[in-house]
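Student: I would like to go through this structure and ask why things are called what they are called. Can we start once it is in view?

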Amino acid sequence: MAAHRDAGRAAALLPSAGRIRIEGGKVGRTVTRFKAVERFAHWMLAGSFILLALTGLATLFGRKVVIPLLGHEFNSTLLTGSKFIHNNVSWAFMIALVMVFVMWIWHNIPNKTDWLWIKQGGGFIGDKHPPAKKFNFGQKIVFWAVILLGFSVSLSGLSLLFPFEIQLFGHTFNIINDIGMAEAAGFGPLQGDLTPHAEMQYAQLWHAIIGFLMMAVILGHIYIGTLGMEGAFDAMGNGEVDERWANSTTRSGSMRSNKTNGPPQNDGRRRSNQRSRAMKAMLAGFLGVAVIGVVAYFGLHEIGFSSAEVYSGENVRLD
Ligand code: HEM
C-alpha cells in the first residue's frame with residue numbers, strides 16, 4: 001500500500017534521501033505488471049535513447065572537450081562513429097516511441113482518480129493513500145514528458161536527417177505571430193520568412209534543447225527505476241512486481257493477479273529465473289535497436305539516400 005504511494009511520490013519528485021523501501025518487506029507473491037511486448041518496447045526505447053544521448057553529447061562537445069583531452073584524431077574517429085550510430089539508431093527510438101504510445105496511452109489519459117491523487121499531494125500531505133490505476137499521476141507525467149519531448153526531438157531530428165526537406169520553424173513562428181503569442185509574451189513579431197539555412201540552425205538548436213530536457217527527465221526516471229525504489233525494476237525486468245508493491249493497483253483491478261505459489265522470495269531458483277527473464281527482456285530490446293539500425297542503414301542506402309552527401313537542396317536560396 002505504502003509502496004505504491006511512494007511510487008507516486010518518487011515519480012513526481014526525486015527522492016531526496018535514501019532508498020524507498022517496501023513497507024513490511026516483500027511477500028513473495030507477484031502480480032504481472034508489464035507483458036513481454038511492453039518490456040521489449042521499453043528496452044528498445046531505453047537502449048536507443050541512451051545511445052542517442054551519448055552520441056549526441058559527443059557530437060556537441062567533441063570539439064570543446066574531446067579534442068583538448070584526447071586529440072583531433074581520436075575525436076574524428078569518435079564523431080564519425082557517433083554520427084553513424086545517431087542517424088541509424090534514431091529509427092529504433094521512433095518506432096519504440098510509437099509502440100509505447102499506442103500500448104500505454106489508454107492508461108495515461110488524465111481522469112478523476114488523478115485529481116484525487118493531486119489533492120492528496122501524491123501521499124505527501126497527510127496519511128492518506130492516494131488512489132491510482134495502472135499508472136499514478138506521477139508516472140503519467142513521465143509518460144507524457146517522454147511522448148511529447150520524444151515526438152519533438154524526433155521531428156526536429158527528421159528535419160536534420162533530411163536536410164532542407166522539412167521546414168518547421170518559419171511556419172511555427174508565423175502561427176505564433178498570428179495568434180498574438182509573441183506580443184503577449186512582450187516580444188515583437190517573430191521572423192517567419194526564414195532562409196533554409198536558418199531553418200536548419202533552428203532545428204539544431206531545438207533538437208539540442210529538447211534532448212537536454214529529455215536527458216534530465218530520464219536521469220531521474222532511471223534513478224527511481226533502479227536505486228531509488230526497492231522492487232521497481234522488477235516491473236520492467238521480469239514483468240512481475242511484488243504484491244505488496246502493487247497493492248493499491250491490484251485493488252483497482254487493472255493488474256492481472258498472478259499468484260506464485262512457490263516458495264518465498266529468497267528462494268534461489270526463483271530469483272535466478274526472474275533474473276534470466278529480465279536479461280532476456282533487455283537483450284531482446286537491445287537486439288531490436290541493432291536490427292532496426294542495420295535495416296535503416298541499408299534501406300536508406302537502397303533508396304539512394306545518405307544525409308552525409310546532402311549539402312544543399314531545392315529549397316536552398318542564397319539571400
Ligand atoms: C536504464 C534505463 C531505464 C530503467 C532502469 C528504466 C526502468 C523503468 C521501470 C522500472 C519502469 C516501470 C515503472 C512502473 O512500474 O510504472 C519504467 C517505465 C517507463 N519507462 Fe523506463 N527505464 C529506463 C529508461 C527509460 C528511457 C530511456 C525511457 C524513454 C526514453 C523510458 C521510458 C519509460 C516510460 C514512458 C515508462 C512508463 C511510465 C512510468 O511508469 O514511469 N525509460 N522504466
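Student: Which residues are the closest to the ligand?

Tutor: This is a predicted model. In it, 22 residues surround the ligand, and the closest are Arg33, His42, Gln139, His221 and Ala232.

Student: What makes a residue count as near the ligand?

Tutor: One of its heavy atoms has to lie within 4 Å of the ligand. Arg33 has a polar side-chain atom 2.7 Å from an oxygen atom of the ligand. That value is within 4 Å, so Arg33 counts as near.

Student: Which elements give two or more residues to the shell around the ligand?

Tutor: The space taken by the ligand is the second largest pocket. The elements that give two or more residues to the shell are α2, α4 (137-161), α7 and α8 (232-237). The largest share, six residues, comes from α2.

Student: How do you know that His42 and His221 coordinate the iron atom of the ligand?

Tutor: The NE2 atoms of His42 and His221 are at 2.0 Å from the iron atom. A nitrogen atom within 2.8 Å of the metal is a donor, so both count.

Student: Where in the chain are His42 and His221?

Tutor: His42 is in helix α2 (residues 36-104) and His221 in helix α7 (residues 196-228). They are 179 residues apart, and the pair links distant parts of the chain.

Student: Why is the site of the iron atom called octahedral?

Tutor: The iron atom has six donor atoms, with angles of 85 to 180 degrees among them. Six donors count as octahedral if opposite donors are over 155 degrees apart and all others between 65 and 115. The site of the iron atom is classed as octahedral.

Student: Are His42 and His221 buried or partly exposed?

Tutor: Buried means under 20% relative accessible area, exposed means over 50%, and partly exposed is in between. His42 has 15% relative accessibility, so His42 is buried. His221 has 33%, so His221 is partly exposed.

Student: What other contacts do His42 and His221 have with the ligand?

Tutor: A polar side-chain atom of His42 lies 2.8 Å from a nitrogen atom of the ligand. For His221, an N or O atom in the side chain is 2.7 Å from a nitrogen atom of the ligand.

Student: Why is that pair of His221 and the ligand called a polar contact?

Tutor: The limit for a pair of N or O atoms is 3.5 Å. At 2.7 Å the pair is within that limit, so the name applies.

Student: What is noted about the phi of Phe164?

Tutor: Phe164 has a positive phi of about 70 degrees although it is not a glycine. Most residues other than glycine have a negative phi, so a positive value is worth noting. Phe164 is found in the loop between α4 and α5 (169-178).

Student: Why is Phe164 called buried?

Tutor: Its relative accessible area is 6%, which is under 20%, so Phe164 is buried.

Student: What about Leu300 and Leu51, buried or partly exposed?

Tutor: Leu300, in helix α10 (residues 268-302), has 16% relative accessibility and is therefore buried. Leu51 lies in helix α2; with 33% relative accessibility, Leu51 is partly exposed.

Student: How many helices and strands are there in the protein chain?

Tutor: There are ten helices and three strands. Of the 319 residues of the chain, 43% count as buried.

Technical notes. Residues are numbered from 1 along each chain as its sequence is written. This is a predicted model: local features need pLDDT of at least 70, side-chain atom pairs count only at pLDDT 80 or more; totals for chains, interfaces and linings use all residues. Side-chain values use heavy atoms; hydrogens and water are left out. Donors are N, O and S atoms within 2.8 Å of the metal (3.2 Å for Na, K and Ca); water is not among the atoms, so sites may look incomplete. Four donors count as tetrahedral if all angles lie between 85 and 135 degrees; four count as square planar and six as octahedral if opposite donors are over 155 degrees apart and all others between 65 and 115; anything else is irregular. Helices (H or I, at least four residues) and strands (E, at least two) are DSSP runs, numbered from the N terminus. Buried means under 20% relative accessible area, exposed over 50%, partly exposed in between (1.4 Å probe, protein chains only). A polar contact is a pair of N or O atoms within 3.5 Å; within protein, one must be able to donate a hydrogen and the other to accept it, and residues adjacent in sequence count only if both atoms are side-chain atoms. On a 1 Å grid over the protein atoms alone, a cavity is a set of points where a 1.4 Å probe fits but cannot get out, and a pocket is an open set with protein on both sides within 12 Å along at least five of seven lines; lining residues have an atom within 4 Å of a point. A molecule sits in a cavity or pocket if more than half of its atoms lie within 2 Å of its grid points.
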